[in-house]
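Work through these exercises with the coordinates open. Each task is followed by a stepwise solution.

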Amino acid sequence: MEASDSDYLHGTRPDEQRRLSRLNALINRASLEALALREGDRVLDVGAGLGQLTRLMRRRVGPRGRVLGIERDAEQLAEARRQAEAEGEATLLELREGDAVSLPLEPDEWGSFDVAHARFLLEHVRVPLAVVHSMVRAVRPGGRVILEDDDHEVLRLSPAEPAVEELWRAYYLTYERQGRDPYIGRRLVSLLHEAGARPVANRCLFFGACQGSADFDPLMDNFIGIIEGARSRILEHGLTDEVRFDEALAAFRRWRRLPDAALWYTIAWAEGRP
């Protein structure tokens, strides 16, 4: 993520890094396929986080391509490099420390990338348009700017569980309390337009599962981990109290054992061209 630990809602503790790693395993393939990278592409990955998707991109573009990941947080950078080394892929990971608003690019790198990409970044910055504008400047004429982000309101559970839905709402309202936009996913096309790119495509990447599917338990662990990790912020902002928080989390754990439990969520995706 671009935001520092003090800005990023979830922090960069080891338990959060483990959650993010597991999340990448669930969603990276869908993101990679939607990107439709070609061999030889030059890609800028803004807010590269732990670098798992960055490495997948690098494998996809091949030896003639390049993928440069930009990440602000030093702890994320260190863990990204550690993971790449442990998996024998250190040579696939090119990371540079820097801010998404003021991208740390050399003069000859501006306007040279075929693709600029950001995922789960804009929801964590105060001025998303400034980030998208920088990405548009980084891409060559005819290149692509691709944004993936959340619209937290789209979460649906079946059978419905009001206590869980109330807790999820308390979670995403912490973004508003911190001056961020929890609904940024529905604004991606507008952001591209406002930043000077011509929107050419939008879609949603499904991120859900039902009881009995292989991804169900990892998905449930991820959503519960998100909420547990935000506990202090939720309580600090007075969005619920400790008793209701614990009761709702217990309801979530009971719900996940239902034989017909299904969680529906989507990641918003949009593409524009300078």
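The exercises below concern a predicted model.

**Exercise 1. Arginine 180**

Locate arginine 180, decide whether it is buried or exposed, and find the backbone oxygens that its side chain reaches.

Solution.
- Step 1: place the residue. Arginine 180 sits in a loop, with helix 5 (162-177) on one side and helix 6 (188-194) on the other.
- Step 2: test burial. The relative accessible area of arginine 180 is 9%. The cut-off for buried is under 20%, so arginine 180 is buried.
- Step 3: look for polar partners. The arginine 180 side chain comes to 2.9 Å from the backbone oxygen of histidine 124. A polar atom of that side chain also lies 2.5 Å from the backbone oxygen of glutamine 178.

**Exercise 2. The second largest cavity**

State how many cavities of 30 Å³ or more there are, then describe the lining of the second largest.

Solution.
- Step 1: count. There are two cavities of 30 Å³ or more.
- Step 2: take the volume. The second largest cavity holds about 30 Å³.
- Step 3: list the lining. It consists of Ile27, Ala30, Ser31, Leu205, Phe206, Phe207 and Ile267.
- Step 4: assign elements. Helix 1 (14-35) and strand 7 (198-206) each give two or more residues to this lining. Helix 1 contributes the most, with three residues.
- Step 5: sort by character. Six lining residues are nonpolar, one is polar and none is charged.

**Exercise 3. A three-stranded sheet**

Work out the strand order of the open sheet of three strands, and explain why one side of each edge strand lacks a neighbour.

Solution.
- Step 1: read the order. The strands run 6-9-8, with antiparallel pairing.
- Step 2: find the edges. Strand 6 (156-158) and strand 8 (209-210) each have a single partner strand, so one side of each is left without a neighbour in the sheet.
- Step 3: check one pair. Strand 6 and strand 9 (residues 262-264) are joined by three bridges in the antiparallel sense. Within this pairing, serine 158 has alanine 262 in strand 9 as its bridge partner.

**Exercise 4. Strands 4 and 5**

Find how strand 4 and strand 5 run relative to each other, and say how enclosed strand 5 is.

Solution.
- Step 1: take the pairing. Strand 4 (residues 113-119) and strand 5 run parallel, joined by six bridges.
- Step 2: pick a bridge. Alanine 116 pairs with valine 145 in strand 5.
- Step 3: judge enclosure. Strand 5 (residues 139-150) has nine of its twelve residues buried, so the rest of the structure largely encloses it.

**Exercise 5. Cysteines**

Explain why cysteine 204 and cysteine 210 are not bonded through their sulfurs.

Solution.
- Step 1: recall the bond. A disulfide is a covalent bond between the sulfur atoms of two cysteines.
- Step 2: take the distance. The closest cysteine sulfur to that of cysteine 204 is in cysteine 210, 19 Å away. The cut-off is 2.5 Å, so 19 Å is too far for a bond.
- Step 3: confirm globally. The whole structure has zero disulfides.
- Step 4: compare exposure. Cysteine 204 is exposed at 52% relative accessibility, and cysteine 210 is partly exposed at 38%.

**Exercise 6. Tryptophan 269**

Place tryptophan 269, test its burial, and compare its sequence and spatial separation from valine 127.

Solution.
- Step 1: place it. Tryptophan 269 belongs to strand 10 (residues 266-273).
- Step 2: test burial. With a relative accessible area of 2%, tryptophan 269 is buried.
- Step 3: take both separations. Tryptophan 269 and valine 127 are 142 residues apart in sequence, and their C-alpha atoms are 19 Å apart in space.

Definitions and conventions:
Residues are numbered from 1 along each chain as its sequence is written. This is a predicted model: local features need pLDDT of at least 70, side-chain atom pairs count only at pLDDT 80 or more; totals for chains, interfaces and linings use all residues. Side-chain values use heavy atoms; hydrogens and water are left out. Helices (H or I, at least four residues) and strands (E, at least two) are DSSP runs, numbered from the N terminus. Buried means under 20% relative accessible area, exposed over 50%, partly exposed in between (1.4 Å probe, protein chains only). A polar contact is a pair of N or O atoms within 3.5 Å; within protein, one must be able to donate a hydrogen and the other to accept it, and residues adjacent in sequence count only if both atoms are side-chain atoms. On a 1 Å grid over the protein atoms alone, a cavity is a set of points where a 1.4 Å probe fits but cannot get out, and a pocket is an open set with protein on both sides within 12 Å along at least five of seven lines; lining residues have an atom within 4 Å of a point. Grid points are joined across faces, edges and corners, and a volume is the space filled by probe spheres set on the points. Ala, Val, Leu, Ile, Met, Phe, Trp, Tyr, Cys and Pro count as nonpolar, Asp, Glu, Lys and Arg as charged, and the others, Gly among them, as polar. Two strands pair if DSSP finds at least two bridges between them.
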